[in-house]
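Okay, let's get going. I'll talk through one site, the cavity beside it, and a ring pair. Have a look at the model first.

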Amino acid sequence: MPAVTVENPLTLPRVAAPAGARTRPVLTVNTAPSGFEGEGFPVRRAFAGIAYRHLDPFIMMDQMGEVEYAPGEPKGTPWHPHRGFETVTYLLDGTFVHRDSHGGGGVINDGDTQWMTAGSGLLHIEAPPESLVMSGGLFHGLQLWVNLPKSDKMMAPRYQDIGGGRVKLLTSADGGALLRLIAGDIDGHQGPGVTHTPITMIHVTVSPGAEVTLPWRADFNGLAYALAGRGTAGAEGRPFHIGQAVVFGEGDALTIRADESQESRSPNFEVVLLGGLPIREPMMHYGPFVMNTHAELAQAFEDFQAGRLGTIPADAL
């Protein structure tokens, strides 16, 4: 980790918060509980225990792995439905194959992002390729769920394949941090992901002892999740480490600092920064469906049972 990098960050455009920016304070630091998903691959529930008012428009995020599979061990998910939101799968190590009932799909590898807008509904599957099942290997990634406003919940499904080479690479003011802008904009730079709900998603690699302070939209929320290593958040230097999520308060800048000493398995502090414009609508979440009312959830389940969310392609049976 990570797959997408540069030898000299100082060759990249630099991003820094303007003088006088209000650095956001840290409200809470939460430790993600561990569990299993799909056919049994390990996950950390990054946002478990965080109130939705702090997450909106994000619903949940899983850190998948990091796990070193032996031959025959790699696992995925069975065919399953979604309606009412978007899934964002960011792969750091390994390979995943996606297919859905609307003809979307593809293979994502190290540094790639798969962005699926479920909208009105579809069936899909995520699985390791046969070659990875046979060989085993390292698997590590994130899956983020982003809510859709009521006006877009029944839109036609859409699929975006964002190769790692398309991610916008930036650096901090002194070159001590590498920023991979996956979606949204920061300081006039635009990421490749096309979003219905305005969000920003950045994977930041902070060198030991380095600090990065980024401009952040005041009307967005602010979240950080540590993928590896340890450091601090906010001007107050609140400690957090791998498997912990930070909720920031109000302001127009975010500060992250890496500890001088890092783990041997990860030489840098790896953090995902997320921000989004709150939708501020009722959110009803049941399994693979995210709607506004209980009646809409019941309708989604009924439509799934009736086959109205699509069918598994014949060649996949």
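So, UniProt, in an unreviewed entry, puts a "binding site" feature at His80, His82, His124 and Glu126. Keep in mind that what you're looking at is a predicted model. Those four positions span 47 residues in sequence, yet no two of their C-alpha atoms are more than 12.9 Å apart, so they gather at one spot. And from this set, Glu126 also turns up in the lining of the largest cavity. I'll come back to that.

Let me take His124 next. His124 sits in strand S11, residues 122-127. Is His124 buried or exposed? Buried, at 1% relative accessibility. Setting aside residues up to four places away in sequence, His124 touches a fair list, including two from the UniProt feature, His80 and His82. Also among its contacts are Pro78, Trp79, His98, Arg99, Asp100 and Met116.

Now Glu126, which is in strand S11 as well. Glu126 is buried, at 5% relative accessibility, because the cut-off for buried is under 20%. Its contacts, again leaving out neighbours within four places, include His80, plus Gly76, Thr77, Thr89 and Gln143. Phe96, Val97, His98 and Gln114 are in contact with Glu126 too.

Right, the cavity. The structure has one cavity of 30 Å³ or more, and the largest cavity holds about 30 Å³ of space. Which residues line the largest cavity? They are Thr89, Phe96, Val97, His98, Gly106, Ile108, Gln114 and Glu126. Two elements give two or more residues to that lining: S8 and strand S9, 105-108. S8 has the largest share, with three residues. By type, the lining splits into three nonpolar, four polar and one charged.

Last bit: the aromatics. The count here is three aromatic pairs. One of them is Phe96 with Phe139: the ring centres are 5.0 Å apart and the planes are at 45°, so we call the pair tilted. Phe96 belongs to strand S8, residues 96-100, and Phe139 to strand S12, residues 137-147, so the pair ties together parts that are 43 residues apart in sequence. Both rings belong to buried residues: Phe96 has a relative accessible area of 2%, and Phe139 has 3%.

So Phe96 is the one to click on if you want to link these topics. Phe96 is in contact with Glu126, lines the largest cavity, and pairs with Phe139.

Definitions and conventions: Residues numbered from 1 in each chain as written. Predicted model: local features only at pLDDT ≥ 70, side-chain atom pairs only at ≥ 80, totals over all residues. Heavy atoms only, no water. Phe/Tyr/Trp six-rings, centres within 6.5 Å; stacked < 30°, edge-to-face > 60°. Helix = DSSP H or I, 4+ residues; strand = E, 2+ residues; numbered from the N terminus. Buried < 20%, exposed > 50% of the residue type's maximum accessible area, 1.4 Å probe, protein only. UniProt positions renumbered as here; feature names shortened; annotations may be inferred. 1 Å grid on protein atoms, 1.4 Å probe; cavity = no way out; pocket = protein on both sides within 12 Å on 5 of 7 lines; lining within 4 Å. Contact = heavy atoms within 4.5 Å. Points joined across faces, edges and corners; volume = space filled by probe spheres on them. Nonpolar A, V, L, I, M, F, W, Y, C, P; charged D, E, K, R; others polar.
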